[in-house]
Amino acid sequence: MNASKLFKLALGSALLVSVSAMAATFAEADVNGDGKLSLEEAQKAGLSDLASNFKALDLDKDGFLSKAELKANR
Ligand SMILES: [Ca+2]
Ligand SMILES: [Ca+2]
């Protein structure tokens with residue numbers, strides 16, 4: 001195991017519900033793999049925070065949340 005892997009493990013446990021989890025969650029939640037989340041995908045993935053703030057988070061109002069939009073809101 002190299003240092004960066006170890007670092008990621010430590011970071012992951014500390015930030016499990018934060019940034020690192022978001023990256024994994026995004027890919028998992030993006031069921032159709034188009035690189036953005038629809039409201040339905042957010043709901044199905046159990047991302048209730050995203051779902052309830054969907055319109056506010058959707059900066060360009062295209063009806064989807066991109067990774068960039070999620071980053072802009074953190
Ligand atoms: Ca999608
Ligand atoms: Ca958008």
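Which residues does Leu-57 touch, not counting residues up to four places away in sequence? The contacts are with Leu-50, Leu-65, Glu-69, Leu-70 and Asn-73, a contact being a pair of C-beta atoms, placed from the backbone, that lie within 7 Å. The model here is a predicted one, where local features need pLDDT of at least 70, side-chain atom pairs count only at pLDDT 80 or more, and totals for chains, interfaces and linings use all residues. Residues are numbered from 1 along each chain as its sequence is written, while chains are lettered from A and ligands numbered from 1 in the order in which they are written.

On the overall layout, the protein has six helices and two strands, taken as DSSP runs numbered from the N terminus (helices: H or I, at least four residues; strands: E, at least two). Read from the N terminus, the order is α-α-β-α-α-α-β-α. Of the 74 residues, 11% are buried; that label takes 20 or more other C-beta atoms within 10 Å of the residue's own, whereas 12 or fewer makes a residue exposed and anything in between partly exposed, with C-beta atoms placed from the backbone. Among contacts with a separation of 6 or more, 21% join residues 24 or more positions apart.

The largest nonpolar core (buried Ala, Val, Leu, Ile, Met, Phe, Trp, Tyr and Cys residues joined through C-beta atoms within 7 Å) has seven residues: Phe-26, Leu-37, Ala-42, Leu-47, Leu-50, Leu-65 and Leu-70. Leaving aside neighbours within four places in sequence, Leu-65 is in contact with Lys-36, Leu-37, Ala-42, Leu-50, Phe-54, Leu-57, Asp-58 and Leu-70.

Back to Leu-57, which sits in helix α5. Leu-57 counts as partly exposed because it has 18 C-beta neighbours inside 10 Å. Its C-alpha is 8.6 Å from that of Ala-72, and the two are 15 residues apart in sequence.

Just along the chain, Leu-59 lies in the loop between α5 and β2. Leu-59 has 13 other C-beta atoms within 10 Å, so it is partly exposed. Beyond residues up to four places away in sequence, Leu-59 touches Glu-69 and Ala-72. From Leu-59 to Leu-70 it is eleven residues in sequence and 9.3 Å in space, C-alpha to C-alpha.

Lys-61 is also found in a loop, the one between α5 (54-57) and β2 (64-66). With 7 other C-beta atoms within 10 Å, Lys-61 is exposed. Its phi is near 55°, a positive value in a residue other than glycine.

Conventions. Contact = placed C-beta atoms within 7 Å.
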